[in-house]
Amino acid sequence: MKHYEIKPSKRRIVKLEFMWRDLGLDNLEADIYSLILFYGGYQCNINGNDSSLCAMTGACEATIRGRLKAMVDAGVLAMRKVRVGKEQYRNVYVAIYDENGKRDSATITSLLYEGEKGIIEYYYKSKVANKRGSKRNCKKTAAE
C-alpha cells in the first residue's frame, strides 16, 4: 500500500490511498479520517485545544462537526455517544476501515469502549479535582 503525504506541513497528516480511492473522502475528510485511524479513535472535547481536530486540521468547529456527521452517516466512521452530565454528551469516533479493508466488529467495539472509558475517566477526575480545589479555597475557621 502506498502512503502519500499531501500538502506537507508541520502537521504531518499522512493519508493512505484507500481513503480517497475506496472511501471517496475529500481532502479535509481524509485528514480527519487519517487522524482518527492513527490515534485509534477520537474523543470529542476532552483533550484540550492542542489535540482537537480543529487545531490539527485548521478547520473550524462547525466544519469538523459536519464532516464527522457525514462520515458517520456514510458508514465510514463508528460513533458512540457518552453521557458525561445530566444533559451533556461527548462522542467517540472510530475508523471502520483501514488499509486492509473493513475492520471486524470486535475491534471497532473495543476501540469505542476504550474511548468511552477515557471520556468517563477524564470527567470523573475533573469533578474530583474541582471538589478538592474548592476545599482549599475555603476560609479557615478560628478552630483551625
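The following paragraphs describe the sheet, the helices packed on it and the nonpolar cores of a predicted model.

The strands β3, β5 and β4 form, in that order, an open sheet of 3 strands with antiparallel pairing. Because β3 (42-43) and β4 (77-83) each have a single partner strand, they stand at the edges, and one side of each is left without a neighbour in the sheet. Between β3 and β5 (residues 89-95), which run antiparallel, there are 2 bridges, and Tyr42 has Tyr93 in β5 as its bridge partner. Helix α2 (residues 27-39) packs on this sheet, where it touches β3, β4 and β5, and the direction of the helix makes about 90° with that of β5. Helix α4 (residues 61-73), in turn, lies across β4 and β5 and runs at about 115° to β4.

The largest nonpolar core comprises 25 residues, within which Tyr33 and Leu68 have the most contacts. Two or more residues of this core are given by each of the elements α1 (17-21), α2, α3 (53-57), α4 and β5, and the largest share, 7 residues, comes from α2. When neighbours within four places in sequence are left aside, the contacts of Tyr33 include Phe18, Met19, Leu23 and Leu25, which precede Tyr33 in the numbering, as well as Met71, Val76, Leu77, Ala95, Ile96 and Tyr97, which follow Tyr33. Separate from this core is a second one of 10 residues, among them Val82, Val92, Leu112 and Tyr123.

How values were computed:
Residues numbered from 1 in each chain as written. Predicted model: local features only at pLDDT ≥ 70, side-chain atom pairs only at ≥ 80, totals over all residues. Heavy atoms only, no water. Pairing = 2+ DSSP bridges. Helix = DSSP H or I, 4+ residues; strand = E, 2+ residues; numbered from the N terminus. Contact = heavy atoms within 4.5 Å. Axes fitted to C-alpha atoms, helices over the stretch in contact; angles between N-to-C directions. Core = buried A, V, L, I, M, F, W, Y, C linked by side-chain atoms within 4.5 Å. Buried < 20%, exposed > 50% of the residue type's maximum accessible area, 1.4 Å probe, protein only.
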